[in-house]
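Trainee: I would like to go through this chain by question and answer. Where should we begin?

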Amino acid sequence: MLRAAKQALTDAKNPPKLVGVTVLTSLDDAKIARIGLAGPLTTRVQELARLAKEAGMDGVTASPHEFPALRPIVGNEMLLVAPGVRPTTGAAQTAAHDQARVATPGEAIQLGADYLVVGRAITAAADPAKAADAILEEMDAARKVRAEGSRAKSAANAT
């Protein structure tokens, strides 16, 4: 299925990025076991990411908490997309939601997210524009921290 999707874009002038879904962030270890998948959830996510890479996908979606285990598998060329993103405050945080494996926007960026999927945190907010701006500010701050960490790591490796 993944290969067929990639093949269908062979002649596209401006093909979209294709992102494979690993394990939905609404599922946790207990739910994975209940539907008959054996082993730890992270292992399932890693196996599905390998399949997506082999099929030529441009990226994968997964919980940001799984990104450190995925980056060595998918490399730097594949995108990591983070659904289940919830700010620490706001309407989306106080309302019940169906996500089991969530992260804040800042956590998702620091864990290596290239893109975030944000819905209710904005659509359920009293002031959606203000909520979106707060998320963008948190993302920018996290990118700076991540960049500083990368520079420090590079300097340490150079010595």
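What follows is an exchange on confidence, fold, sheet, core and a few partly exposed positions.

Trainee: What is the mean pLDDT of the chain, and which stretch falls below 50?

Mentor: This is a predicted model, and 86% of its residues reach a pLDDT of 70 or more. The mean pLDDT of the chain is 83. Where pLDDT is low, the predicted coordinates should not be read in detail. The stretch with pLDDT below 50 is residues 91-96.

Trainee: How many helices and strands does the chain have, and what pattern do they follow?

Mentor: The secondary structure comes to eight helices and four strands. Read along the sequence, the pattern is α-β-α-α-β-α-β-α-α-β-α-α.

Trainee: What share of the contacts joins residues at least 24 apart in sequence?

Mentor: The chain has 159 residues, and buried residues make up 36% of them. The count is taken among contacts between residues at least 6 apart in sequence. Of these, the share joining residues at least 24 apart is 57%.

Trainee: In what order do the strands lie in the sheet, and which are the edge strands?

Mentor: The four strands form an open sheet with parallel pairing, in the order 1-2-3-4. An edge strand here pairs on one side only. The edge strands are strand 1 (19-21) and strand 4 (115-116).

Trainee: Which residues stand opposite V60 in the sheet?

Mentor: Strand 2 is joined to strand 1 by three bridges, and three bridges also join strand 2 to strand 3. Both pairs run parallel. In strand 3 the bridge partner of V60 is L80, and the residue of strand 1 that stands opposite V60 is G20.

Trainee: Which way do the residues of strand 3 point, and are they buried or exposed?

Mentor: L79 and V81 point one way from strand 3. L80 and A82 point the other way. As for burial, L79, L80, V81 and A82 are all buried.

Trainee: Which residues touch the most other members of the largest nonpolar core?

Mentor: This core has 26 residues. Helix 3 (41-54), helix 4 (67-74), strand 3 (79-82), helix 6 (105-110) and helix 8 (128-158) each supply at least two of them. In soluble globular proteins, nonpolar side chains tend to be buried together. The members touching the most others are V60, F67, L70, A82 and L116.

Trainee: Which residues does F67 contact, leaving aside its neighbours within four places in sequence?

Mentor: F67 is one of the buried residues of helix 4. Its contacts include L80, V81 and A82, which are buried residues of strand 3. The others are A62, A108, L111, G112 and A113.

Trainee: Why do the buried residues of helix 4 line one face, and what do they pack against?

Mentor: The buried residues are F67, L70, I73 and V74. Seen down the helix axis, they fall within an arc of 120°, so they line one face of helix 4. An α-helix has 3.6 residues a turn, so residues three or four places apart point the same way. The buried residues of helix 4 pack against helix 3, strand 2 (59-61), strand 3 and helix 6.

Trainee: Which residue follows helix 4, and what is its phi?

Mentor: Helix 4 is followed by G75. The phi of G75 is positive, near 75°.

Trainee: Why does V117 count as partly exposed, and which residues does it contact?

Mentor: V117 lies in the loop between strand 4 and helix 7 (120-123). Its relative accessibility is 43%, so V117 counts as partly exposed. V117 and V81 are 36 residues apart in sequence, with their C-alpha atoms 7.3 Å apart. Leaving aside neighbours within four places in sequence, the contacts of V117 are V81, A82, P83, G84 and V85.

Trainee: How far apart in space are E47 and I73, C-alpha to C-alpha?

Mentor: E47 lies in helix 3, while I73 is among the buried residues of helix 4. E47 counts as partly exposed because its relative accessibility is 37%. The two residues are 26 apart in sequence, and their C-alpha separation is 9.3 Å.

Trainee: How far apart are the C-alpha atoms of T43 and A69?

Mentor: T43 is also found in helix 3. With a relative accessibility of 27%, T43 counts as partly exposed. T43 and A69 are 26 residues apart along the chain, and their C-alpha atoms are separated by 9.2 Å.

Definitions and conventions: Residues numbered from 1 in each chain as written. Predicted model: local features only at pLDDT ≥ 70, side-chain atom pairs only at ≥ 80, totals over all residues. Heavy atoms only, no water. Core = buried A, V, L, I, M, F, W, Y, C linked by side-chain atoms within 4.5 Å. Buried < 20%, exposed > 50% of the residue type's maximum accessible area, 1.4 Å probe, protein only. Helix = DSSP H or I, 4+ residues; strand = E, 2+ residues; numbered from the N terminus. Contact = heavy atoms within 4.5 Å. Arc of directions from axis to C-beta. pLDDT = per-residue confidence, 0-100. Pairing = 2+ DSSP bridges.
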